[in-house]
Amino acid sequence: VCHKSIDSTFHMERSRLRGVLGRLTCCSRRQLVIHHVHASLMHDASAHAGDNVRASLTDAATYVALRLDSLSVEELTSILLCLRGSETASVAACCQGIGRLLAGDTMIWNSFLRQEFHVEGVQQVNATMYRTMCSRKRCRKIEWRRVPVSRGPRNLSANPHMFCWRDHVFILGGWSFGGYGHDLLACKVAVPLEFYAVDVSGSPPPDSYHAALTLLRDETIEAGSADALHVLVTGGYIFNGHHQESNRYGILEIKVDRDDEVQARWTNGGVIPARANHSATFVPPSIAGDTFPKGYVLLLGGIQAHSTSRSADILDLSTFDSHRYSSALSSQDAWSARNSHSATLVRQDDGTHAILVLGGGTGDGHNGNSPRGGRDCDEVNWISGLENASLQIQPDSRREPSVGRGHIACRLPCTNTILAVGGGSPAQNCAVAFIDGCPHSPDVVGVKVPAPRAFGCGCVLPDGTMLVFGGHDHHEMIRDASVWAARVKAEGESPFFAQMARSEHPVWRRPFWRQQQQGA
């Protein structure tokens with residue numbers, strides 16, 4: 001199948017040879033029947049030589065030649081899996097056997113999805129599905145549509161919480177005209193949305209708003225789900241006017257039976273350091289290390305004692321003990337104190353996990369409170385060292401475009417792309433996609449966009465559609481109870497997204513009197 005013409009005693013295993021050849025650009029020259037791939041092995045042979053094997057490669061022009069058409073399907077597959085799926089088109093163009101393999105073999109595309117997007121257990125995988133996942137990750141164009149709601153929630157601002165589980169959308173908490181609490185609403189993922197109140201048993205934590213909600217499930221694993229979903233609620237303000245940060249937490253257990261009946265109860269509660277407008281990120285056991293066998297929750301930043309904080313607390317889910325984490329996160333020069341930010345766990349391209357911290361603001365009890373005071377933060381920060389909580393923070397120099405305080409951030413399923421919507425003071429209606437921390441503004445297809453909002457909520461459906469709801473614009477004194485859906489345009493229409501009309505709602509425009517004020 002292959003032969004080596006090198007003047008050395010170096011012998012390379014066939015599997016290693018496939019890896020070397022798979023990383024090459026194929027092909028350097030083309031013939032009608034025989035296709036050759038040529039590559040210098042100087043660097044690779046030296047790198048892979050063992051202690052007991054010496055490679056004396058004296059000729060920099062030493063090559064390995066093979067006939068790709070002579071390789072078996074297994075050998076071609078091994079070579080292709082050293083590449084990304086998006087890189088195989090150039091290889092297929094110069095070898096008919098590889099072209100036929102890519103066109104008809106679903107197993108190889110299943111392997112590409114597993115390697116690059118960590119997708120497991122998907123049936124009928126093909127190149128079309130792979131292209132869909134690549135388009136979702138790049139997030140170059142999005143389309144907005146307003147979701148019909150026949151029985152909807154009231155107008156909620158001040159951080160209501162939205163999440164999706166078992167084909168249901170849930171909304172928890174929020175503030176509306178002086179009233180706030182931990183009310184739970186639910187509806188099936190269907191058009192129109194029909195929300196209804198869920199009776200919740202047990203003892204909840206004190207009613208609060210601007211709290212943080214965390215789903216205690218491993219979102220880096222896309223396949224499968226447990227019988228019950230556990231939701232952690234921490235902190236928040238107890239009194240109107242952004243007063244008295246709460247030092248309590250509660251765990252809400254949600255179950256959905258075969259008849260789609262939702263049951264919920266508060267199962268646990270306790271004391272944490274008082275916080276509001278903070279982030280709470282679940283680090284699952286698969287990442288947290290031996291010190292935290294059930295994982296931990298990182299409580300980061302926020303407002304403590306009416307002041308913006310940069311401190312970090314860790315809630316150990318094995319003992320539910322919380323302790324202040326003294327590390328580089330709390331040092332003066334590590335990062336700026338902030339609140340109303342997002343902190344999302346992502347799997348990076350190199351396979352490691354990190355937390356991406358976006359946006360936020362510095363408003364607190366000393367300068368006008370979180371919605372209006374201080375400044376918007378445009379810094380992007382990475383928190384690494386999640387195993388055994390050996391946390392370190394590194395700033396990312398890529399800032400523009402940025403998101404401000406109270407934005408909605410969701411990780412698109414099976415990718416490391418975070419789509420952030422709204423936020424800022426005054427509130428914006430823009431969307432920013434962060435691909436492995438690198439921001440860009442997706443083009444908006446059409447003219448239908450939701451009104452500017454901050455401190456709203458959102459979630460992502462399993463089909464990749466992002467829902468947003470609630471929030472407000474303090475500068476315009478506008479609150480919005482509508483539900484909107486955004487979808488990456490190149491993915492095509494899911495059954496849920498296709499049922500929404502495209503042209504029944506006008507585009508949002510800033511009020512004329514506000515434009516005059518800004519012009520003056």
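Reader: How do H3 and H5 stand to each other?
Author: This is a predicted model, in which local features need pLDDT of at least 70, side-chain atom pairs count only at pLDDT 80 or more, and totals for chains, interfaces and linings use all residues. Residues are numbered from 1 along each chain as its sequence is written, and side-chain values use heavy atoms, without hydrogens and water. The axes (lines fitted to C-alpha atoms over the stretch in contact, with angles from 0 to 180 degrees between N-to-C directions) of helix H3 (residues 73–80) and helix H5 (residues 96–104) come within 11 Å and cross at roughly 80°. As 65 to 115 degrees counts as such, H3 and H5 are therefore roughly perpendicular.

Reader: Which residues in H5 are met by Val-73, Leu-76, Thr-77 and Leu-80 in H3?
Author: Helices here are DSSP runs of H or I with at least four residues, and strands are E runs of at least two, numbered from the N terminus. Contact means heavy atoms within 4.5 Å. The four H3 residues meet Gly-97, Ile-98, Leu-101 and Leu-102.

Reader: Which strands stand at the edges of the sheet E5-E6-E9-E11?
Author: Strands pair if DSSP finds at least two bridges between them, and this open sheet of four strands has antiparallel pairing. Each edge strand has a single partner, so one side of each is left without a neighbour in the sheet; these strands are E5 (161–165) and E11 (196–197).

Reader: Which residue in E27 stands opposite Ser-384?
Author: Strand E26 (residues 380–384) is joined to E27 by five bridges, and the two run antiparallel. Opposite Ser-384 in E27 stands Gln-392.

Notes:
Parallel < 35°, antiparallel > 145°, perpendicular 65-115°, else oblique.
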